[in-house]
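Colleague: I would like to go through this model with you and hear the reasoning behind the labels. Please show it first.

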Amino acid sequence: MDNDRPTGPALTLTLDEATRTLSASVAPDARFPRVDAMWLRSRLEAAGYGKLQIRPEPIKHLIARYNAGETVPPIEIAHCVDASLELVVALDGLTARLNLVPPKGGKPATESDLRALLASKGVFEGVLDEAIADTIAAGKAEDLVIARGREPVAGEDGQLESLLPETRERVPSVHPSGRTDYRDLGEVLVVHAGDALMRRHPPTNGTEGLSVCARPVPAKPGRNVVFAAGLRGVAPAADDPDLLVASTDGQPLKVRGGIIVEPVFTVDAVNMATGNIVFDGTVRVRNDVQAGMTVRATGDIEIGGAVENATLEAGGNIVVRGGVVGSLGAKGAAKDTNAHAIRCEGSFSATYAQQARICAGDSIFIDDLVMQSQLEAANHVRVGHERRGHIVGGLTRAGLSVHARVIGAPNRIRTEIEIGSDPALARAVQDKASERDQRENKLLEIGKLLTLADRSPGKIAAEIIARAEETAATLSTEIETLRGEEEGLRHHLMLVQQARVNAESAMYEGCVIAMGENTLRIPHDRGPSTVRLADQKLGVFPLEDDSHLGAPQRPESAALQR
């Protein structure tokens with residue numbers, strides 16, 4: 001029958017049990033003048049030798065001699081190979097990884113073989129019994145974790161704990177919404193000499209780990225933190241160097257690396273009798289600031305009365321319990337933008353503003369009326385809290401929003417509003433990204449050094465490695481901080497594109513609203529309205545909620561001592 005016909009010449013296969021090698025011999029057969037490797041492979045599979053380790057060169061020799069018409073004597077063409085086990089212990093000793101190569105006609109690996117290998121390498125801790133059983137059952141493994149030590153727990157960094165939870169920070173904290181979070185000032189917090197201000201908690205050493213070879217793995221200690229040098233108005237306690245106390249009376253303010261105590265200068269009024277006030281700290285005026293006077297402070301300025309055509313400049317917030325009357329309508333006022341202006345790095349708050357020039361690094365809050373004034377705020381202008389809330393005439397400029405109850409007047413007084421469009425913000429984003437890139441490049445270079453140190457123990461001095469690790473940790477922290485600041489700025493830039501003007505009750509004809517190159521003149525009186533960018537141009541819409549832009553915090557003072 002056809003099924004009984006041979007598929008090739010007679011092949012003789014012999015396995016030597018002693019050497020565990022397979023020999024093959026073949027005699028010429030006129031019916032099959034040529035053979036190939038596929039024929040030989042199929043015959044080996046049929047004979048049960050398909051899993052042996054093939055020797056390519058002898059097989060080529062066998063086929064060549066047969067195809068030349070020669071009788072091929074026994075040639076060793078394959079041999080048995082047992083399963084192989086390889087165990088690699090990580091440099092830090094915390095893991096042991098297994099490579100198991102399956103057998104080729106030889107003996108499979110057993111659990112006893114694997115455990116003997118672990119013992120020979122000194123691996124006793126954290127052996128994963130389940131992984132061993134699964135691996136032996138599978139018969140193969142590649143880079144498999146077979147033992148895992150106990151990782152060390154890094155120590156906690158040292159911390160500076162403020163003992164005055166209501167203490168404001170000198171540098172405003174900009175939220176992702178774009179607003180600056182200032183706490184309600186209330187009364188100026190005053191501390192006295194000897195009062196405890198801040199506690200330094202030293203770093204901890206951490207908890208050491210255990211390697212798979214039962215050796216201790218040292219933990220990375222936390223980074224130390226110290227009080228900054230040159231903190232004004234404070235000193236370490238005489239009996240406790242980790243406790244910062246006030247060395248003078250004044251207002252406490254958080255700064256990087258500690259707290260400073262800023263003097264508080266209090267005066268009944270500012271007039272010709274007192275003269276101008278220039279003070280390194282916070283200034284409190286119980287009553288009025290008369291026309292022509294100047295008050296400059298590196299901290300906050302709080303006025304219990306009104307401000308009459310005066311100059312106020314503050315490194316923090318300015319709170320005016322009464323109102324502000326400026327001189328924008330006076331002859332020559334437009335030429336001198338520095339004359340009788342109000343500027344602050346934080347927020348400004350007053351009851352009313354008339355012909356006043358006010359500039360704030362965060363937001364401006366006017367409770368009653370803004371008339372023919374020039375207001376400029378980096379984030380928000382809010383007019384109207386408990387009183388009328390009108391903006392009439394003048395120019396109001398804000399990065400994120402202008403919000404009032406009424407904008408303009410029935411007699412069509414020209415009232416200009418500018419929102420969004422902050423080129424400085426876009427530049428700040430670029431600068432922050434560039435600064436982050438520079439630190440990431442430095443960290444990359446240090447990483448190369450540390451990698452070399454790991455691969456070549458003893459080649460680099462220990463003190464150099466320690467300094468490199470400390471620098472790498474510092475750079476990593478700085479990069480994360482810069483990345484967070486960059487993301488905050490980018491979010492702020494996105495919010496600027498959503499800037500808007502809200503009028504809760506009315507917006508009158510005569511209002512001109514601008515955003516970058518887009519300008520919109522309100523053609524007729526409107527009720528509650530929102531003006532914002534839509535389809536690349538400004539449009540008027542029914543009143544919309546603007547809470548997503550972030551509710552700014554009013555820097556109001558609860559009560560000034562009389």
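Colleague: Which residue in E13 is the bridge partner of valine 234?

Modeller: Alanine 246 is the bridge partner of valine 234. Keep in mind that this is a predicted model.

Colleague: How do you know that strand E12 and E13 count as paired?

Modeller: Pairing requires at least two bridges between the strands. Four bridges join E12 (residues 234-237) to E13, and the two run antiparallel. The requirement is therefore met. Another of the bridges links proline 236 to leucine 244 in E13. A hairpin of two residues connects E12 to E13.

Colleague: And what makes strand E9 a partner of E13?

Modeller: Three bridges join E9 (residues 196-201) to E13, again in the antiparallel sense. With at least two needed, E9 and E13 are therefore paired as well. Arginine 199, for instance, has leucine 243 of E13 as its bridge partner.

Colleague: Why are E8 and E12 called edge strands?

Modeller: The sheet is open, has four strands in the order E8-E9-E13-E12, and its pairing is antiparallel. Strand E8 (159-162) and E12 each have a single partner strand, so one side of each is left without a neighbour in the sheet. From one strand to the next, the twist averages 30°.

Colleague: What makes strand E13 mostly covered?

Modeller: A residue is buried when its relative accessible area is under 20%. Five of the seven residues of E13 (residues 240-246) are buried, hence the description. For the chain as a whole, 43% of the 562 residues count as buried.

Colleague: Which strands are at the edges of the sheet of ten strands?

Modeller: That open sheet runs E17-E19-E22-E25-E27-E29-E32-E34-E36-E37, and its pairing is mixed. Its edge strands are E17 (277-279) and E37 (518-521), each of which pairs on one side only. Neighbouring strands in this sheet are turned by 5° against each other on average, with direction ignored.

Colleague: How do you know that E19 and E22 are paired, and in which sense?

Modeller: Strand E19 (residues 294-297) and strand E22 (residues 311-314) share four bridges and run parallel. At least two bridges are required, so the two strands count as paired. One of the bridges sets valine 295 opposite leucine 312 in E22.

Colleague: Turning to the helices, why is H3 called oblique to H4?

Modeller: The axes of H3 (residues 111-120) and H4 (residues 129-138) come within 10 Å and cross at roughly 135°. Roughly perpendicular ends at 115 degrees and roughly antiparallel starts over 145, so an angle between those limits is oblique. That makes H3 oblique to H4. The crossing is right-handed.

Colleague: Which residues make the contact of H3 with H4?

Modeller: From H3 they are Glu111, Leu114, Arg115 and Leu118, and from H4 they are Asp129, Ile132 and Ile136. By class, the residues of this contact are four nonpolar, no polar and three charged.

Colleague: Why is glycine 105 called partly exposed?

Modeller: Its relative accessible area is 36%. Buried would be under 20% and exposed over 50%, so a value in between is partly exposed. Glycine 105 lies in the loop between strand E6 (95-101) and H3. Not counting residues up to four places away in sequence, glycine 105 touches Lys51, Leu52, Cys80 and Val81. Its C-alpha is 7.3 Å from that of tyrosine 49, while the two are 56 residues apart in sequence.

Colleague: What makes phi of glutamine 355 worth a remark?

Modeller: Most residues other than glycine have a negative phi. Glutamine 355 is not a glycine, yet its phi is positive, about 50°. The residue sits in the loop between strand E26 (348-354) and strand E27 (357-360). At 27% relative accessibility, glutamine 355 falls between the two cut-offs and therefore counts as partly exposed.

Colleague: Where is glutamine 372 found?

Modeller: Glutamine 372 is in the loop between strand E28 (363-371) and strand E29 (374-377). Its phi is also positive, near 45°. Glutamine 372 has a relative accessible area of 36%, so it is partly exposed.

Terms used
Residues are numbered from 1 along each chain as its sequence is written. This is a predicted model: local features need pLDDT of at least 70, side-chain atom pairs count only at pLDDT 80 or more; totals for chains, interfaces and linings use all residues. Side-chain values use heavy atoms; hydrogens and water are left out. Axes are lines fitted to C-alpha atoms, for helices over the stretch in contact, and angles run from 0 to 180 degrees between N-to-C directions. Angles under 35 degrees count as roughly parallel, over 145 as roughly antiparallel, 65 to 115 as roughly perpendicular and the rest as oblique. A crossing is left-handed if the near helix is turned anticlockwise from the far one by less than a right angle, and right-handed if clockwise. Contact means heavy atoms within 4.5 Å. Ala, Val, Leu, Ile, Met, Phe, Trp, Tyr, Cys and Pro count as nonpolar, Asp, Glu, Lys and Arg as charged, and the others, Gly among them, as polar. Buried means under 20% relative accessible area, exposed over 50%, partly exposed in between (1.4 Å probe, protein chains only).
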